[in-house]
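Hi,

Here is the structure I promised to pass on. Have a look at it first, and then read my notes on the spaces inside.

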Amino acid sequence: CTVIFTRLATRDLHKPISILFCNLAVSDLFTSFSGFWISMLFITNPDITIFGSQDMLAPYSLYTTSILSTIYNLVSIGIERYLAVARSMRTRFRVARNHSMAVVFISWVLAFFLGCLPLMGWNCLQAERSISVLYSPFCVDYLVFITLPNVVVAFLVPLFTYLRIIIVLRKRKLRMQACGQATGTYKSAETQVARTSISIWLLALVSYAPFFAGVIFDATNRRCHTDLYPGVYIFRNCTAMLITITCLGNPLLYTLRLRELGAKLKALRCLSASNRVRACAI
């Protein structure tokens, strides 16, 4: 909420990256709200969070939707940062506000569609054969369908984008050194990108890897709920806590630290543009 109110109060939403930051905060807010809803259901009636019921479909669907939206936002931010850095070298494409709004709309539509599939009928309220042990009444095949491709996207796309940003900055630094010009700004920006990307990877690994492991356990497990109580459900609760920590870490990584990084990247783009003008004049 602090991130959302700060962005709205400072009238900073004209920047494409600010729209993505604000939307990421909205996704994290939805994740926290749906997690709180599930916690209240556990306090009032713990059995339905273990054995599953009709009442768990809506909060679990909202929880899934918010997590998917967060993943799509993280991927979109990485792609936007890469296009902002590489724009002056390889492509004339410029990310505008309309592009960010379209990305936000598409990500929410896709997240709602995939997250609400159990509400549309893909659940195991009547079919006990493939019911999930950890997230009843979700079906195991639905969890595998949702988890596998999105985990791959969440890990591989940020890896590619941030590595490409570091490579682009490294090439520019080497080019500046060959011309005998100072490269302190490039070195500082490269270090900042590397630190931020490592932090993003560690946060995603710590938060989403246990959830992915739980889905794999769900797919390979053939025992009933009572045989796994309480250890497996303690593990499930820990994964939910880690996802909540991700919601707290995203504003620190993307809103606070990348503000300084964005100013450095803007200065680099201006410096690159001036060099091109000078080269054309020569």
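**Cavities inside the model**

α4, α6 and α7 each give at least two residues to the lining of the second largest cavity. Keep in mind that this is a predicted model.

Let me stay with that second largest cavity for a moment. Its volume is about 80 Å³. If you want to find it on screen, pick out the residues that line it: I71, L74, V75, A154, F155, P158, I200, W201, A204 and Y208. Which helix gives the most to this lining? That would be α7, with four residues. Sorted by class, the lining of the second largest cavity comes out as 10 nonpolar residues, with no polar and no charged ones.

Now for the bigger picture. How many cavities of 30 Å³ or more are there? The count is five, and the largest of the cavities holds about 240 Å³ of space. There are 15 residues lining the largest cavity, and T64, I67, I146, T147 and F211 are the closest to its centre. The elements that supply two or more residues to this lining are α4 (57-86), α6 (140-178) and α7 (184-220). For the largest cavity, the biggest share of the lining comes from α4, which provides six residues.

And what classes of residue line the largest cavity? You'll find 12 nonpolar and three polar residues there, and no charged ones.

A good way in is to colour α4, α6 and α7, since these helices help line the largest cavity and the second largest one too.

Cheers

Key. Residues numbered from 1 in each chain as written. Predicted model: local features only at pLDDT ≥ 70, side-chain atom pairs only at ≥ 80, totals over all residues. Heavy atoms only, no water. 1 Å grid on protein atoms, 1.4 Å probe; cavity = no way out; pocket = protein on both sides within 12 Å on 5 of 7 lines; lining within 4 Å. Points joined across faces, edges and corners; volume = space filled by probe spheres on them. Nonpolar A, V, L, I, M, F, W, Y, C, P; charged D, E, K, R; others polar.
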